[in-house]
Amino acid sequence: VMGVLIRSVAQKRAMYEQAMRLADAGDTGSAYALFAQLGNYRDAASQTERLIEQDVLLPCRAAEKGDTVTFGRYEQDNNPGNGPEPIDWIVLDKVDGKLLLLSSACLAGKPYNAESFAPVTWETCSLRAWLGGEFFDSAFSEREREAVASVINRNDDHSTVGTPGGKDTEDRVFLLSESDAVIYLNNDYDQDTIGRAMASDYAVANGLQTDEDGLCSWWLRSPGMYEYIAQFVDQQGK
């Protein structure tokens, strides 16, 4: 056991020294990958943050579908005194070098729309206004905001009963649609690993309800059976 531990420490030291050399040589991508593997070894975490400060997209550049990356910060441990925590995102897809990211945890508990029983679509709901306004401005730095692409989202009618989905929208932060859920949550494995979402401590402290395992439901942007409700992914990821 001692031999294994000594070898492990020696390997980490070698990785750390190699990461430092790579960073000094300007190969920040390779350096970041090594520091990220080192976790809490020495000051690897602070070295990782230093590299990200220089290049906010560094965690995303080498990411592939299925990976998890960090991008932006938001209060999650319900301890504002230690500052907001890095946000983990699941890479749902990668197309032409652009990543579609889904937050790993539910970060906040918000109604789809502030006015109950009022006809609403994704275009007009209060959740869209919050995501594109208060959340976007607080979770991302100026350089991070510049890196987030603006996309045109189709908002189709309900696939079964035809509840109107409303106009197409231009968004930078948004919810998945019914059709997105069919694509990305189309089997038991994806529903378990992507669909089932833990709530952050901060979200729970601010009213987000969970089951006994800490799992919560999360909104989709597509309309529900009636014009005043929306679809959602349940605690089982379905």
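1. A good place to start is Asp 171, which is buried, with a relative accessible area of 4%. Please keep in mind throughout that this is a predicted model. The side chain of Asp 171 meets that of Arg 128 in a salt bridge, with 2.7 Å from N to O. This pair ties together distant parts of the chain: Asp 171 sits in strand β5 (residues 169-171) and Arg 128 in helix α5 (residues 126-139), 43 residues apart.

2. How many salt bridges does the structure hold? There are seven, and two others deserve a look alongside the one just described. One of them joins Glu 49 and Arg 73 through their side chains, at 3.3 Å from N to O. Here too the partners come from distant parts of the chain, with Glu 49 in helix α3 (residues 44-54), Arg 73 in strand β1 (residues 68-74), and their positions 24 residues apart. Glu 49 has a relative accessible area of 40%, so it is partly exposed. Arg 73, at 33% relative accessibility, also counts as partly exposed.

3. The other is the salt bridge between the side chains of Arg 154 and Asp 156, at 2.9 Å from N to O. Are these two residues buried, partly exposed or exposed? Arg 154 is exposed, since its relative accessible area of 58% lies over the 50% cut-off. Asp 156 is partly exposed, with a value of 35%.

4. Turning to helix α2 (residues 28-38), which of its residues are buried? They are Ala 31, Tyr 32, Leu 34, Phe 35 and Leu 38. These residues cover an arc of only 170° around the axis, and therefore lie on the same side of α2. Directly after the helix comes Gly 39, with a positive phi of about 60°.

5. Next, the packing of α2 with α3. Two packed helices are described by the angle between their axes and the distance between the axes. For α2 and α3, the axes come within 8 Å and cross at roughly 150°. Because angles over 145 degrees count as roughly antiparallel, α2 is roughly antiparallel to α3. Their crossing is left-handed.

6. You may like to display the contact between these helices residue by residue. On the α2 side it involves Thr 28, Ala 31, Tyr 32, Phe 35, Ala 36 and Leu 38. On the α3 side the residues are Ala 44, Gln 47, Thr 48, Leu 51, Ile 52 and Gln 54. Among the α2 residues in this contact, Ala 31, Tyr 32, Phe 35 and Leu 38 are buried.

7. The loop between α2 and α3 is worth a check of its backbone. Most residues other than glycine have a negative phi, and most peptide bonds are trans. Arg 42 is found in this loop, and its phi is positive, near 50°, although the residue is not a glycine. With 53% relative accessibility, Arg 42 counts as exposed.

8. Where else does a residue other than glycine have a positive phi? Asp 96 is one such residue, with phi near 55°. Asp 96 lies in the loop between β2 (85-95) and β3 (98-103). Its relative accessible area is 78%, so Asp 96 is exposed.

Key: Residues are numbered from 1 along each chain as its sequence is written. This is a predicted model: local features need pLDDT of at least 70, side-chain atom pairs count only at pLDDT 80 or more; totals for chains, interfaces and linings use all residues. Side-chain values use heavy atoms; hydrogens and water are left out. A salt bridge is a side-chain nitrogen of Lys or Arg within 4 Å of a carboxyl oxygen of Asp or Glu. Helices (H or I, at least four residues) and strands (E, at least two) are DSSP runs, numbered from the N terminus. Buried means under 20% relative accessible area, exposed over 50%, partly exposed in between (1.4 Å probe, protein chains only). The arc is that of the directions from the helix axis to the C-beta atoms. Axes are lines fitted to C-alpha atoms, for helices over the stretch in contact, and angles run from 0 to 180 degrees between N-to-C directions. Angles under 35 degrees count as roughly parallel, over 145 as roughly antiparallel, 65 to 115 as roughly perpendicular and the rest as oblique. A crossing is left-handed if the near helix is turned anticlockwise from the far one by less than a right angle, and right-handed if clockwise. Contact means heavy atoms within 4.5 Å.
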